[in-house]
Amino acid sequence: MTRVVHAPEDPASQHQERAEGRPLSVPIHQSSAFAFDSADALAEAMAGPDRAYVYTRRGNPTVRTLERLLSCLEGGHAALATASGMGAMSAVLLALLRPGDHVVAQRCLYGGTHSVLADLAERYGIDVDRVEGDDAAELSAALRPGTTRLLLLETIANPTCQVPDLPALLATARAAGVVSVVDNSLASPVLCRPIEHGADIVVHSTTKYLGGHSDVLGGAAVFAAPELYGTVWTRAVELGAAADPFAAWLTVRGIQTLPLRMRQHCANAELIAGRLAAHPRVRRVFWPGLPGHPSRAVAERVLEGGGGMLAFELAGGRTAGREFVERVRVARLALSLGGVETLVTHPASTSHRELDEGELSAAGVSVGLVRVGVGIEHPEDLWKDLEQALDQGLDRS
Ligand SMILES: *Cc1c(COP(=O)(O)O)cnc(C)c1O
């Protein structure tokens with residue numbers, strides 16, 4: 001908690017007189033480039049990621065404050081902040097993968113990550129194998145000695161809330177010399193710090209819980225060791241994936257209340273998940289803290305809380321799912337999650353609309369599934385809203 005409130009000191013003003021009052025809030029260095037007096041000093045600054053600031057695509061003091069904060073929260077060596085979560089994921093994958101490489105990925109991945117991977121696989125002849133993520137033996141069997149380059153996991157999979165056994169899987173990857181990448185967007189470092197379990201790179205969509213207010217897009221990659229940081233930084237500079245200073249500032253500001261918000265997201269989700277599970281129109285509820293969820297035992301070991309995302313299956317199928325998301329009044333129908341407000345979506349008609357019924361069920365998404373990004377509202381107001389949306393359907397059926 002203390003680490004998030006006391007953001008690292010502005011790296012650009014560390015030389016300032018201590019007798020002067022200094023700002024409590026991080027200054028926004030809204031500058032695309034930085035001026036030098038000496039040509040040699042400018043040339044020297046261009047030699048790598050940790051030199052003086054030259055040009056904001058390569059580094060910026062406000063962005064650096066966010067990077068230091070993220071690195072500290074995840075227990076990493078260094079972090080790279082990007083314009084979006086996909087910017088971070090694409091930079092990591094493009095920096096690390098070469099034609100002919102083999103990748104092992106969790107079956108249920110964020111749609112954008114799934115698309116980049118499918119695209120790279122097709123264009124560069126990269127082989128991708130899928131694993132459920134529950135079992136180190138399944139991963140060992142999928143590894144190809146000498147060719148497997150990367151293991152790709154998500155701490156909490158969307159929308160089924162599956163939690164892979166990170167300690168077992170990451171240890172297996174490390175023993176085989178495979179680089180492991182964990183997307184920790186939905187847990188946030190409050191609930192899980194994958195580097196402590198052996199991850200090499202942690203990726204975030206800071207758009208979600210870290211930013212936390214649905215007002216800024218951003219992403220990050222946090223590195224356990226310097227070598228991978230250098231490699232990915234170079235690729236991110238080439239791709240132009242850099243975070244904007246003002247976006248970085250909003251994210252730093254959001255992070256300062258992250259533990260408080262996470263606590264409320266988790267408590268609200270627990271109450272809503274329990275009540276949904278007892279409702280006659282609900283067939284099944286997915287939330288990793290709920291008794292009966294397949295990942296509950298793993299979640300108890302790996303996560304410090306069940307998180308704010310849950311999903312539930314309506315007995316009435318596709319029509320019931322679509323109608324439900326249009327009936328909510330406190331919650332809103334919108335694609336994102338992780339902000340202070342509760343958002344609902346119907347994956348079968350939005351994020352997973354391209355999938356036929358067979359593919360949907362392979363992804364663990366039924367046609368009547370509704371996803372809820374539970375916000376930090378008063379939980380009784382929220383439940384009343386969800387209940388009225390459920391009960392309207394009951395009256396008519
Ligand atoms: C939203 C999300 C992303 C993509 O992040 P953007 O900031 O939208 O680019 C990646 N992974 C997960 C798990 C997400 O929820």
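A polar contact here is a pair of N or O atoms within 3.5 Å. With that in hand, welcome to some close-up views of this predicted model.

**View 1. Backbone atoms of Gly85 and Met86 reach the ligand**. Look first at Met86, where a backbone N or O atom lies 2.8 Å from an oxygen atom of the ligand. Gly85 also contributes a backbone N or O atom, again 2.8 Å from a ligand oxygen.

**View 2. Thr207 meets the ligand through its side chain**. Here a polar side-chain atom of Thr207 lies 2.7 Å from an oxygen atom of the ligand. On its own, the ligand has 380 Å² of accessible area, and the protein covers 91% of this.

**View 3. The ligand in its pocket, with the surrounding shell**. The ligand sits in the largest pocket. Around the ligand you will find Ser84, Gly85, Met86, Tyr110, Asp183, Ser185, Leu186, Ser205, Thr207, Lys208 and Gly218. By residue type, this shell divides into 3 nonpolar, 6 polar and 2 charged residues. Among the nonpolar ones are Met86 and Leu186, while Asp183 and Lys208 are charged.

**View 4. Cys192, a buried cysteine without a disulfide partner**. How many disulfides does the structure hold? The count is 0, and Cys192 helps to show why: its sulfur is 12 Å from the closest cysteine sulfur, in Cys266, too far for a bond. For comparison, a disulfide calls for two cysteine sulfur atoms within 2.5 Å. Cys192 is also buried, with a relative accessible area of 1%.

**View 5. Cys266, another cysteine with its sulfur too far from others for a bond**. Which cysteine holds the sulfur closest to that of Cys266? It is Cys161, but the two sulfurs are 11 Å apart, so they are too far from each other for a bond. Cys266 counts as buried too, at 11% relative accessibility.

Technical notes. Residues are numbered from 1 along each chain as its sequence is written. This is a predicted model: local features need pLDDT of at least 70, side-chain atom pairs count only at pLDDT 80 or more; totals for chains, interfaces and linings use all residues. Side-chain values use heavy atoms; hydrogens and water are left out. A residue is near a molecule or strand if one of its heavy atoms lies within 4 Å of it. A polar contact is a pair of N or O atoms within 3.5 Å; within protein, one must be able to donate a hydrogen and the other to accept it, and residues adjacent in sequence count only if both atoms are side-chain atoms. Accessible areas come from the Shrake-Rupley method with a 1.4 Å probe; for residues, only the protein chains shown count as cover. On a 1 Å grid over the protein atoms alone, a cavity is a set of points where a 1.4 Å probe fits but cannot get out, and a pocket is an open set with protein on both sides within 12 Å along at least five of seven lines; lining residues have an atom within 4 Å of a point. A molecule sits in a cavity or pocket if more than half of its atoms lie within 2 Å of its grid points. Buried means under 20% relative accessible area, exposed over 50%, partly exposed in between (1.4 Å probe, protein chains only).
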